Amino acid sequence: MILEGKRILITGASSGIGLELAKEMFIRGSRLFLISRKKENLMCAVEILNKLNPKMNPPVIFPCDVTDIKSVTETIKTCINLIGGIDI
């Protein structure tokens, strides 16, 4: 599967499986939208990712609690408005 240029939204992206998935997708050239509850943790994740693929545009971060449907809806709308959609 070609992932270069794909717009990918990842929840729980600041640690664990979410961060590992973000690393793999970013190395492969995907455009990432990272979601997690704490902005500080997301910023740390961006630092890690930028070191892995410094030529890529940095991931876009969205502090969001996925248990809050209003917050999730607003976050997805923002992603779509920024670059026209989400592929994965």
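Let's start at Asn-57, which sits in the loop between helix H2 and strand S3 (60-63). Keep in mind as you look around that this is a predicted model. Leaving aside residues up to four places away in sequence, Asn-57 touches Phe-26 and Arg-31. Lys-39 makes a handy second marker: its C-alpha atom and that of Asn-57 are 18 Å apart, with 18 residues separating the two along the chain.

Now follow Phe-26 inward. Phe-26 belongs to the largest nonpolar core, a set of 12 residues that also includes Leu-3, Ile-8, Ala-13, Met-25, Leu-42 and Leu-49. Four elements each put in at least two residues of this core: strand S1 (7-11), helix H1, strand S2 (31-36) and helix H2 (39-52). There's a second, separate core too, made of 7 residues, among them Ile-35, Cys-64, Val-72 and Cys-79. In general, nonpolar side chains in soluble globular proteins tend to be buried together.

Ile-10 is a good place to pause. Ile-10 is itself a member of the 12-residue core. Skipping residues up to four places away in sequence, Ile-10 touches Gly-18, Leu-21, Ala-22, Met-25, Leu-32, Phe-33, Leu-34 and Ile-35. One of those contacts, Ile-35, is a residue of the second core.

Finally, head out to the surface. Ile-27 is found in helix H1 (residues 16-27). Ile-27 counts as partly exposed, because its relative accessible area is 47%, between the 20% and 50% cut-offs. Together with Ile-48 and Leu-52, Ile-27 forms a nonpolar patch on the surface, and the three share about 240 Å² of accessible area.

Key
Residues numbered from 1 in each chain as written. Predicted model: local features only at pLDDT ≥ 70, side-chain atom pairs only at ≥ 80, totals over all residues. Heavy atoms only, no water. Patch = residues over 30% accessible without salt bridge, like charges linked within 9 Å, V, L, I, M, F, W, Y side chains within 5 Å. Areas by Shrake-Rupley, 256 points an atom, 1.4 Å probe, with all protein chains shown as cover. Salt bridge = Lys/Arg side-chain N within 4 Å of Asp/Glu carboxyl O. Buried < 20%, exposed > 50% of the residue type's maximum accessible area, 1.4 Å probe, protein only. Core = buried A, V, L, I, M, F, W, Y, C linked by side-chain atoms within 4.5 Å. Contact = heavy atoms within 4.5 Å.
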